[in-house]
Amino acid sequence: RAFPCVLGRFDRVLLDAPCTGLGVIAKDPSVKLQKDFKDIQRCQQLQKELLLSAIDSVNASSKTGGYIVYSTCSISVEENEMVVDYALRSRSVKVVPCGLDFGRAGLTRYRDKRFHPSITEARRFYPHVHNMDGFFVCKLRKMSNKLPSAADTRRADATEHAAGGGGDAAGGDGGKGGAKGRDKAAKKKPKSDGEPSSAAERRTGTPGAENGTANGDERRKRPRPSADQVDEADAAPRKKSTDKLVEKPKKPKAPGAEKSKRASKTAGGSRKSK
């Protein structure tokens, strides 16, 4: 972290950052068992700090340089595009073409994450496509030697947290931060006059129907039958239904049907006797 203050003012810097090695599983299959998502998060934080130090060590006024090359032997988005996007928001740099005519372009979106459009100038290499180790490389150009203020740094960190950059691909810690912000915004949203204020009102459509109070008031208003009325209702004989079942009309048989049946039976008996 203190390296730019000690030396610095280089023309070019190559940062081959430490990573999880998810691109070299073909060489070392034990990576699948030794690495988990916590390792990716730890590497991501270290890579962000190293990339900012590399940018601060470069002299933007150099006539022959001012470039930073960031590379990893991992194919995870958390260690590549997210780190470069964080640097673009934290320092005065831009992505420039790598000069490589092969490889896949860098990702500008991944699940619910969105990155700077210029990251397409970066290059991705896959073992099953390019017959080499998984690799990521991005070339940056420093535009100014001016360091951001503390307020700008806090603003970049807040933007990173709101965008979910520190969470997993499915929206881990950063996704939770974004969800909390949406919850707060929903609480601050003013309620219109005709909008129901509770879940019970939305179900029943009756204002103030929380816990079923409106239905309970209606039941209380109904008059209850007296004891004499109940006895009369029990003593009254019940009417038996005298309706007879309507019989369905039988279909008329076709003439000669019985004769054909008798003939088939006699033919079958004669066959059995034979």
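Colleague: Into how many nonpolar, polar and charged residues does the lining of the largest pocket divide?

Modeller: A pocket, on a 1 Å grid over the protein atoms alone, is an open set of points where a 1.4 Å probe fits, with protein on both sides within 12 Å along at least five of seven lines, and lining residues have an atom within 4 Å of a point. Ala, Val, Leu, Ile, Met, Phe, Trp, Tyr, Cys and Pro count as nonpolar, Asp, Glu, Lys and Arg as charged, and the others, Gly among them, as polar. Sorted in this way, the lining of the largest pocket holds six nonpolar, three polar and six charged residues.

Colleague: What kind of model is this, and which atoms enter the side-chain values?

Modeller: This is a predicted model, in which local features need pLDDT of at least 70 and side-chain atom pairs count only at pLDDT 80 or more, while totals for chains, interfaces and linings use all residues. Residues are numbered from 1 along each chain as its sequence is written, and hydrogens and water are left out of the side-chain values, which use heavy atoms.

Colleague: Which element gives the most residues to the lining of the largest pocket?

Modeller: The lining has 15 residues, with Pro4, Cys5, Ser53, Asp56 and Leu147 lying nearest the centre of the pocket. Helix 1 (3-6) and helix 3 (37-56) are the elements that give two or more residues to this lining, helices being DSSP runs of H or I with at least four residues, and strands runs of E with at least two, numbered from the N terminus. The most, four residues, come from helix 3.

Colleague: How much space lies in the largest pocket?

Modeller: Rolling a probe the size of a water molecule over the atoms shows where empty space is left. Grid points are joined across faces, edges and corners, and a volume is the space filled by probe spheres set on the points. For the largest pocket this comes to about 270 Å³.

Colleague: How many disulfides are there?

Modeller: A disulfide is a covalent bond between the sulfur atoms of two cysteines, and here it is taken as a pair of cysteine sulfur atoms within 2.5 Å. By this rule the count is zero. Cysteine 19 is in no disulfide, as its nearest cysteine sulfur, that of cysteine 73, is 3.1 Å away, and cysteine 73 likewise is in no disulfide, with the sulfur of cysteine 19 at 3.1 Å. The number of disulfides is therefore, under the 2.5 Å limit, zero.

Colleague: Why does helix 4 count as largely enclosed by the rest of the structure?

Modeller: Buried means under 20% relative accessible area, exposed over 50%, and partly exposed in between, with a 1.4 Å probe and protein chains only. The buried residues of helix 4 include Glu81, Asp85 and Tyr86, and methionine 82, which lies in this helix, is buried at 2% relative accessibility. Helix 4 (residues 81-90) is largely enclosed because the buried residues number nine of the ten.

Colleague: How far is the C-alpha atom of lysine 48 from that of valine 83?

Modeller: Lysine 48 lies in helix 3 and is buried, with a relative accessible area of 7%. Valine 83 is among the buried residues of helix 4. These two residues are 35 residues apart along the chain, and their C-alpha atoms are separated by 5.7 Å.

Colleague: Which residues does alanine 60 touch, leaving out those up to four places away in sequence?

Modeller: Alanine 60 sits in the loop between helix 3 and strand 2 (67-72) and is buried, with a relative accessible area of 14%. The C-alpha atom of alanine 60 is 8.0 Å from that of arginine 141, which is 81 residues away along the chain. With contact meaning heavy atoms within 4.5 Å, alanine 60 touches Lys142, Met143, Ser144 and Asn145.

Colleague: Is asparagine 131, with its positive phi, buried or exposed?

Modeller: Phi of asparagine 131 is near 55°, a positive value in a residue other than glycine. Asparagine 131 lies in the loop between helix 5 (127-130) and strand 8 (135-142). At 74% relative accessibility, asparagine 131 counts as exposed.
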